[in-house]
Each structure stands twice: as C-alpha cells, then as structure tokens.
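Here are a few exercises to work through with the model open beside you. Try each task before you read its solution.

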Amino acid sequence: MEEKKYLNEEDYQRYTTKLKKIGKILLIVGLVLFILSIGLIVAGSITFGSTVVTENAGSALGGMGLFAVGGFLSVFSFGMAGIGGMILFIAHRREITAYTTQQVMPVAKETIDEMTPTMSKAAEKMAPAAGTVAKEITKGIKEGLKDEE
C-alpha cells in the first residue's frame with residue numbers, strides 16, 4: 001500500500017485555486033441574489049396592500065408574494081454569500097497567517113531579547129532554592145524506601 005503525502009505543494013496549489021474559484025462564485029452569486037431579494041422586499045412592502053385580483057391583475061404575485069419571495073431569497077442568498085466568504089477565508093489562510101506572522105515577529109523578537117537577561121538572572125537566583133527542593137524530595141524518597149523494607 002502506497003503511503004500518501006499530505007504535504008504536497010502541487011496539490012495545495014491546485015486545491016487552493018479551485019477553492020478560490022468556488023468561493024468567489026458563491027460570494028458573487030450570493031451577493032447578487034441578496035441585492036435582488038432586498039429589491040423584492042422593498043417592492044413587496046410598497047405594494048403590500050394590493051392583491052392579485054384587483055390592482056395587479058397581470059402579475060402572478062401581489063405585494064405579499066413579492067415580500068415572501070424576497071424574504072426567502074434573502075435568507076438563502078445570505079447563507080450562500082457567507083459560505084462563499086468562509087471558503088475564500090480558508091483558501092487565503094496561508095497568506096493571512098504569513099501576514100500576521102510578519103506583524104508579530106519583530107515584537108516577539110524584541111520581547112525575547114529584553115526578557116532573556118531578566119530571566120537568566122531569575123534562574124540564577126532560583127537555582128539554589130531548586131537544589132534545596134530537589135535534595136528534600138530525594139531525602140523523602142529514600143526515607144520512604146527504607147520504611148518499605
């Protein structure tokens with residue numbers, strides 16, 4: 001059985017390209033449908049009191065129908081845009097992480113450089129106390145072994 005390598009740059013580039021395309025398509029279609037749904041909700045709100053029989057005889061939907069379709073479409077399109085946005089975020093995670101690291105690294109290096117002398121002095125002062133603790137623990141273990149015999 002052949003062992004599959006998970007860290008493969010060609011696979012990563014291929015999958016990332018596909019994810020970016022899918023994410024962009026879902027995001028754009030979701031946003032267009034969301035704008036359309038807002039238009040339907042506004043149109044339905046303006047013509048809310050009219051009915052199919054009286055004022056909109058040629059129309060299949062009255063104000064209530066436009067409002068209902070716009071509401072359903074807004075939920076569907078908002079979800080589609082959200083999924084597209086999440087896919088794009090996942091596809092760009094490497095770039096985002098690299099950008100964040102570039103921001104944090106100088107601060108982290110400076111912090112380490114500033115803390116190293118302080119931590120080494122603290123370690124020097126704590127070493128005798130740590131030695132005493134180790135001696136007491138060893139003494140307690142030896143006494144416990146003698147009591148067992």
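The bend at a residue is the angle between two fitted axes, one for the seven residues ending there and one for the seven starting there. Helices are DSSP runs (H or I, at least four residues), numbered from the N terminus. This is a predicted model, where local features need pLDDT of at least 70 and side-chain atom pairs count only at pLDDT 80 or more, while totals for chains, interfaces and linings use all residues. Residues are numbered from 1 along each chain as its sequence is written, and side-chain values use heavy atoms, with hydrogens and water left out.

**Exercise 1. Find where helix 3 bends, and compare its span with that of a straight helix.**

Solution. Start with the ruler: the expected span is 1.5 Å times one less than the number of residues. For the 56 residues of helix 3 (residues 93-148), a straight helix would span 82 Å. Between its end C-alpha atoms, though, helix 3 spans only 59 Å. Now look along the axis: there's a bend of about 40° at Met126, and Pro128 follows within four residues. For contrast, try helix 1 (residues 9-46). Its 38 residues reach 55 Å from first C-alpha to last, close to the expected 56 Å.

**Exercise 2. Track down the salt bridges and say which parts of the chain they link.**

Solution. The rule is a side-chain nitrogen of Lys or Arg within 4 Å of a carboxyl oxygen of Asp or Glu. That gives three salt bridges.

- Step one: Glu9 and Arg94 meet with N to O at 3.1 Å. This pair links distant parts of the chain, with Glu9 in helix 1 and Arg94 in helix 3, 85 residues apart.
- Step two: Glu95 pairs with Lys20, their closest N and O atoms being 3.7 Å apart. Again distant parts are linked: Glu95 sits in helix 3 and Lys20 in helix 1, 75 residues apart.
- Step three: Asp11 pairs with Arg14 at 2.6 Å. Both lie in helix 1, three residues apart, about one turn. An α-helix has 3.6 residues a turn, so residues three or four places apart point the same way.

**Exercise 3. Sort the residues of those bridges: buried or partly exposed?**

Solution. Take the cut-offs for relative accessible area: buried is under 20%, exposed over 50%, partly exposed in between (1.4 Å probe, protein chains only). Asp11 has 17%, so Asp11 is buried; its partner Arg14, at 40%, is partly exposed. Glu9 at 40%, Arg94 at 43% and Glu95 at 38% count as partly exposed.

**Exercise 4. What does the side chain of Thr16 meet, and what caps helix 1?**

Solution. Use polar contacts: N or O atoms within 3.5 Å, where within protein one must be able to donate a hydrogen and the other to accept it, and residues adjacent in sequence count only if both atoms are side-chain atoms. Thr16 is in helix 1 and buried at 7%. A polar atom of its side chain lies 2.7 Å from the backbone oxygen of Tyr12. At the N-terminal end of helix 1, Asn8 is the cap, with a side-chain oxygen 3.1 Å from the backbone nitrogen of Glu10.

**Exercise 5. Find the aromatic pair and classify it.**

Solution. Rings of Phe, Tyr and Trp (its six-membered ring) pair if their centres lie within 6.5 Å; planes under 30 degrees apart are stacked, over 60 edge-to-face, the rest tilted. The whole structure holds one pair. The rings of Phe34 and Phe78 have centres 5.8 Å apart and planes at 45°, so they're tilted. Phe34 lies in helix 1 and Phe78 in helix 2, so the pair ties together parts 44 residues apart in sequence. Phe34 is partly exposed at 28%, whereas Phe78 is exposed at 56%.

Technical notes: Helices (H or I, at least four residues) and strands (E, at least two) are DSSP runs, numbered from the N terminus.
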